[in-house]
Amino acid sequence: MDAGYTVEQLRAAAADAVRAPSLHNTQPWRFRLRDGGIEVLGDPSRRLPATDPSGWGMRIACGAALFNLRVALAVAGVPATVRLRPYPAEPDVVARLVPDVPRRPTPADQALYAAIPRRFSNRAPFWPDPVPADARWRLAEAARAEGAWLELLIGMSAVNAFAEIARSAHKVLERDPSYRAEREEWIRAEPAPDGVPVASGGPQSEPQDLLPSRSFGGRNRAPGRDFEPEPLVAVLGSPGNTAVDQVVAGQALQRVLLTATDAGLAVSMLSQPIEVPSAREQLRLSLGRFGTPQMVMRIGFGQPGWPTPRRNVDEMLDLPITQG
């Protein structure tokens, strides 16, 4: 029987795990090797107190990083068995991975893995081309494969109803000076290993925009470069809203994002209606779905961009002092 994962396997897989998305690109995770298993931990020092007081966003991000970790280990031929929130006394440990039976990676594993370095949030306007039905089906199946659901809002009446909820939530958040100050702290005008570069922040919002967008210091848009009038909006949800449900939703989110990347689609995330409890409940009721909305995405075809920077992976590793 395999004795467990090695430091080299942890470091290689963690280098892919850190490509996951997080609120304001805070990268709120750590990875450690303990008793032959790899553990994913939330990093409370990188949680956003004003934007994410409950830790929901940190757990979503850690779930997304966990999914990348699973894919990287599978492609390396050392797939994992995963336990979520394995230690009641250590709530920061979101998952523990131990080696499963070795096997060759599947084509699906390889396609998802190839998408990891190409995935990024695209906050720019998308092209008007509609997302094909087969791509929509693939996205919904990706969420289902991870125990979540994906509701695609089809038609302008559904999108307009959502937009009203999202704009209302955005206004609530923007009225909070600590929320605005926290966002400003994570805008990066100079090269940095975390935060949101101004170049990735998307254009400044304008009154005619259907959906709200956070201001990350982006430039004014060129004439005629408004956002698409009928965006494809997707709501990702989980059966419940426990800490485990949120980690599950994070894994589903990342599978959806990588599936979208593999299909040549661009995605940006709108979490404002999730961050305001009354708006989240309003969204849940409007969908008529069992469970809890955990993230909203705008999906379409867009210009190529580039991923945001990441910290050095060694800064996020907790390694055993000795290797027996």
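**Figure 1. Glu-90 and its contacts.** Leaving aside neighbours within four places in sequence, Glu-90 is in contact with Arg-32 and Arg-34. Contact means heavy atoms within 4.5 Å. Glu-90 lies in the loop between E3 and strand E4 (93-99). Helices (H or I, at least four residues) and strands (E, at least two) are DSSP runs, numbered from the N terminus. With a relative accessible area of 29%, Glu-90 is partly exposed. Buried means under 20% relative accessible area, exposed over 50%, and partly exposed in between (1.4 Å probe, protein chains only). Glu-90 and Pro-309 are 219 residues apart in sequence; their C-alpha atoms are 30 Å apart in space.

This is a predicted model: local features need pLDDT of at least 70, side-chain atom pairs count only at pLDDT 80 or more, and totals for chains, interfaces and linings use all residues. Residues are numbered from 1 along each chain as its sequence is written, and side-chain values use heavy atoms, with hydrogens and water left out.

**Figure 2. The whole chain.** The chain holds nine helices and eleven strands. Its C-alpha trace spans about 60 × 40 × 35 Å along the principal axes. The radius of gyration is 19 Å, which agrees with the value near 20 Å for a compact globule of 324 residues. That radius is taken over C-alpha atoms, and the globule rule is 2.2 Å times the number of residues to the power 0.38. Of the 324 residues, 55% count as buried. Among contacts between residues at least 6 apart in sequence, 76% join residues at least 24 apart.

**Figure 3. Surface and charge.** The chain exposes about 14,400 Å², and carbon and sulfur atoms supply 55% of this area. Accessible areas come from the Shrake-Rupley method with a 1.4 Å probe; for residues, only the protein chains shown count as cover. There are 37 positive and 36 negative side chains. Lys and Arg count as positive, Asp and Glu as negative; His and the chain ends are not counted. The centres of the two sets lie 1 Å apart. Each charge is placed at NZ of Lys, CZ of Arg, CG of Asp or CD of Glu.

**Figure 4. The largest nonpolar core.** This core has 43 residues. Those with the most contacts inside it are Leu-150, Leu-236, Met-297 and Ile-299. Several elements give two or more residues to this core, including helix H4 (133-145), strand E5 (149-153), strand E8 (232-238) and strand E10 (292-300). The largest share, six residues, comes from H7. A nonpolar core is a set of buried Ala, Val, Leu, Ile, Met, Phe, Trp, Tyr and Cys residues joined through side-chain atoms within 4.5 Å. Apart from the largest core lies another, of 30 residues, among them Leu-33, Ala-64, Leu-73 and Ala-95. In soluble globular proteins, nonpolar side chains tend to be buried together.

**Figure 5. Ile-299 up close.** Not counting residues up to four places away in sequence, Ile-299 touches Phe-126, Val-131, Leu-139 and Leu-232. Ala-234, Leu-265, Ala-266 and Val-267 are also touched by Ile-299.

**Figure 6. Gln-251 in helix H7.** Gln-251 sits in H7. At 6% relative accessibility, Gln-251 counts as buried. Beyond residues up to four places away in sequence, Gln-251 touches Gly-63, Ala-64, Leu-66, Phe-67, Arg-70, Leu-84 and Glu-146.

**Figure 7. The buried residues of helix H1.** In H1, Val-7, Leu-10, Ala-13, Ala-14, Asp-16 and Ala-17 are buried. The buried residues of H1 pack against E1, strand E2 (37-42), H2, helix H3 (107-115) and strand E11 (317-318).

**Figure 8. Two positive phi angles after H1.** His-24 is in the loop between helix H1 (7-17) and strand E1 (29-34). Its phi is positive, about 55 degrees, although His-24 is not a glycine. Asn-25 lies in the loop between H1 and E1. Phi of Asn-25 is near 50 degrees, again a positive value in a residue other than glycine. His-24 is buried at 4% relative accessibility. Asn-25 is buried too, with a relative accessible area of 4%.

**Figure 9. Ser-271 in its loop.** Ser-271 is found between strand E9 (266-269) and helix H8 (272-275). With a relative accessible area of 3%, Ser-271 is buried. Ser-271 touches Leu-23, Trp-56, Arg-214 and Met-295, not counting residues up to four places away in sequence. Ser-271 and Val-296 are 25 residues apart in sequence, yet 6.0 Å apart in space, C-alpha to C-alpha.
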